[in-house]
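Trainee: Could you take me through one part of this model closely? I'd like to see how a single helix fits in with what lies around it.

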Amino acid sequence: MFEKLPTNVSNLGDPVGDLSTSAARDLGLTPGISVAQGGGDAWHGQIGLGVVEPGSLAVITGSSQAMTGQSAKAIYGKGFMGGYTDGVIPGQYTVEGSAVSSGSVLKWFRDGFACDVVQATERVGMNAYEELDKACAHIPPGSDGLIVNEYFQGNRTPYTDSKARGMIWGLSLAHTPEHMFHTIMESVAYDTAHNLKVMEDSGFSPDKLVFCGGATKSKLWMQMYADVTGRPITLAEVGDAVGLGSCMLAAEQGCTPQLKTPPGTWFTNPKLSSQTGSGTKNTSFM
């Protein structure tokens, strides 16, 4: 088995060769362009968010959710992935967790139980998620006792159980579709807090969470994350952090240490900022 392992492992962004003529033709690019070593999309997003030093955790939201950050020392434990030696930044260790069902559960609810909202918003060019978000804004924390466990496609971390399944508990005649939408968002926030607790138990405790992806469009959801995890939430100006990180790796081939200077993507929104880091410009929910 060991003879099958590669003998040459490149760092992210290392030059690995030149673009071939056939590939250049298919891509509409110039042959001979230098090609850099890539990585997983979550790690590219982590770089795009500037989470390249210990102390922060990148949260890449979408249909599923990745949580990944850096440690100065080797960290290993039950319930998370890593630490990966030299995973994102040489000389550091990358720690990772993941929720296999997050935004996909909201989509399940929207498509199956909010068809009227979808049809109404499509007729006027509006977004169904935004309208559902507004409609549930008055629901108190805890969703009046309605609880969802979002393991609709199993659990990736901390249990790594593909047979785990979701749960809806506490339904009453007082609950509405708005309660369901609200509690699904809460369930993902609590899953994030659960993963953080598991990481903390092994010595990885980030001071803040840096977000990108579709969930960042909801101020309500971001506030839930901050409330449940007890950490400030920072948003980046460039929403497509994965694309940005990919561009950075391609542009800085052979210059990986420069990635330790976060990209100029931070911004301040005084209406949302209640707590900021030491000199770091951010939009913070706390």
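Mentor: Let's start with helix H7 and then work outwards from there. Keep in mind that this is a predicted model. H7 covers residues 219-229, and its buried residues are Trp 221, Met 222, Met 224, Tyr 225, Ala 226 and Thr 229. An α-helix has 3.6 residues a turn, so residues three or four places apart point the same way. Right after H7 comes Gly 230, with a positive phi near 70 degrees.

Now look at what the helix packs into. Trp 221 and Tyr 225 are among the residues with the most contacts inside the largest nonpolar core, along with Phe 211 and Ile 233. That core has 35 residues. H7 is one of the elements that each supply at least two of them, and the others are strand E3 (56-60), helix H3 (103-113), helix H6 (177-201), strand E9 (208-212) and strand E10 (233-235). H6 gives the most, with nine residues. There's also a second, separate core of ten residues, including Leu 49, Val 51, Ile 60 and Ala 66.

H3 is worth a detour, as Trp 108 is found there. Trp 108 counts as partly exposed because its relative accessibility is 36%. Together with Phe 113, Ile 168 and Leu 171, Trp 108 forms a nonpolar patch on the surface, and the four share about 410 Å² of accessible area.

Last, the empty space: a search of the whole structure finds one cavity of 30 Å³ or more. The largest cavity has a volume of about 40 Å³, and its lining includes Ser 98, Glu 150, Tyr 151, Arg 156 and Asp 191.

How values were computed
Residues numbered from 1 in each chain as written. Predicted model: local features only at pLDDT ≥ 70, side-chain atom pairs only at ≥ 80, totals over all residues. Heavy atoms only, no water. Buried < 20%, exposed > 50% of the residue type's maximum accessible area, 1.4 Å probe, protein only. Helix = DSSP H or I, 4+ residues; strand = E, 2+ residues; numbered from the N terminus. Core = buried A, V, L, I, M, F, W, Y, C linked by side-chain atoms within 4.5 Å. Patch = residues over 30% accessible without salt bridge, like charges linked within 9 Å, V, L, I, M, F, W, Y side chains within 5 Å. Areas by Shrake-Rupley, 256 points an atom, 1.4 Å probe, with all protein chains shown as cover. Salt bridge = Lys/Arg side-chain N within 4 Å of Asp/Glu carboxyl O. 1 Å grid on protein atoms, 1.4 Å probe; cavity = no way out; pocket = protein on both sides within 12 Å on 5 of 7 lines; lining within 4 Å. Points joined across faces, edges and corners; volume = space filled by probe spheres on them.
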